[in-house]
Amino acid sequence: MPSLDFLVDRLPTPIGELVVVADRDGRLRAVDWTDHEDRMLALLRTQYRGREISLTPAHDPAGLSQACAAYFAGDLHAIDDLPAETGGTGFQRSVWQALRGIPCGTTINYRELAARAGRPAAVRAAGHANGSNPISIVVPCHRVIGANGSLTGYGGGIERKRWLLRHEGVAID
């Protein structure tokens, strides 16, 4: 099986340094925080099991880093249509696709996420798939909250989740 050579860039944001990983066709493969880079690499290895992954430093691959920077600068829709490609199971990919359908400035709960992914009874599985999302922010897992409105789990930390939601105009207590 051929190895995967991904391009990696880093950019500062108001809530920490972001790692942007793209393939040579200009599709996002991972977006995460540098303080969680080990987890990001583990997720990539799991998704592309059996394939060696290399990361080559690159400045703004396919304009993806610039689009992420624009999002943080206030152009909230700059990331809406960025091309993305993931590994993962069919169910995980259906959850990640459902996440991309959550409009900026809104939230849903895990039950609704499971329903949007086509498996309404699989609430816990949808939550697990949400937590395994390799392309945070662009595949907006931060827009999923608890049924009672609480800010539950976010791989980048609850304070980042709170910041992202406020940045997008969601009223958070």
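## Note on pockets, salt bridges and backbone outliers

1. The largest pocket has a volume of about 200 Å³. Among the 15 residues lining the largest pocket, N130, G131, C141, Y154 and G155 lie closest to its centre. Two or more lining residues come from each of strand 3 (28–33), helix 1 (37–47) and helix 5 (123–131). Helix 5 makes the biggest contribution to this lining, with three residues. By residue class, the lining of the largest pocket holds five nonpolar, eight polar and two charged residues.

2. The model is predicted, and its confidence values are as follows. Mean pLDDT for the protein chain is 94, with 99% of its residues at 70 or more. Among the elements of the chain, helix 2 has the highest mean pLDDT, 98, and helix 1 the lowest, 89. A reader concerned with the largest pocket may note that helix 1, the element with the lowest mean pLDDT, is one of the elements that give two or more residues to its lining.

3. The second largest pocket holds about 160 Å³ of space. Its lining consists of A84, E85, T86, R93, W96, Q97, R100 and V139. These residues divide into three nonpolar, two polar and three charged. E85 is in this lining and also takes part in a salt bridge with R27, which is taken up in point 5.

4. How many salt bridges does a search of the whole structure find? The count is eleven. One of them pairs E37 with R10, with 2.8 Å between the closest N and O atoms. This pair connects distant parts of the chain, since E37 sits in helix 1 and R10 in strand 1 (residues 4–13), 27 residues apart. The two partners fall into separate accessibility classes: E37 counts as buried because its relative accessibility is 17%, under the 20% limit, whereas R10, at 38%, counts as partly exposed.

5. Two further salt bridges involve R27. The side chains of R27 and E85 meet with an N to O distance of 3.7 Å. R27 is in the loop between strand 2 (16–22) and strand 3, and E85 is in the loop between helix 2 (64–72) and helix 3 (90–100), so the pair links distant parts of the chain, 58 residues apart. Salt bridges with shared partners join D23, D25, R27, R29 and E85 into one network. Within it, R27 also pairs with D25, the closest N and O atoms being 3.4 Å apart.

6. Is the network's R27 buried, partly exposed or exposed? R27 is partly exposed, at a relative accessible area of 26%. E85 is likewise partly exposed, at 31%. D25 is exposed, with a relative accessible area of 63%, which is over the 50% limit for that class. D23 counts as buried because its relative accessibility is 5%, under the 20% limit.

7. D23 is placed in the loop between strand 2 and strand 3. Its side chain makes a polar contact of 2.7 Å with the side chain of R27. The buried D23 is thus in polar contact with R27, a residue that is partly exposed.

8. The backbone has two residues to flag. Most residues other than glycine have a negative phi. Which value of phi does A62 have? A62 has a positive phi of about 55°, although it is not a glycine. A62 lies in the loop between strand 4 (53–57) and helix 2. At 61% relative accessibility, A62 counts as exposed.

9. I137 is the other residue flagged here: its phi is positive, about 70°, although it is not a glycine. I137 is found in the loop between helix 5 and strand 6 (144–145). I137 counts as buried because its relative accessibility is 3%, whereas A62 counts as exposed.

Conventions. Residues numbered from 1 in each chain as written. Predicted model: local features only at pLDDT ≥ 70, side-chain atom pairs only at ≥ 80, totals over all residues. Heavy atoms only, no water. 1 Å grid on protein atoms, 1.4 Å probe; cavity = no way out; pocket = protein on both sides within 12 Å on 5 of 7 lines; lining within 4 Å. Points joined across faces, edges and corners; volume = space filled by probe spheres on them. Helix = DSSP H or I, 4+ residues; strand = E, 2+ residues; numbered from the N terminus. Nonpolar A, V, L, I, M, F, W, Y, C, P; charged D, E, K, R; others polar. Salt bridge = Lys/Arg side-chain N within 4 Å of Asp/Glu carboxyl O. Buried < 20%, exposed > 50% of the residue type's maximum accessible area, 1.4 Å probe, protein only. pLDDT = per-residue confidence, 0-100. Polar contact = N/O pair within 3.5 Å; in protein donor to acceptor, adjacent residues only side chain to side chain.
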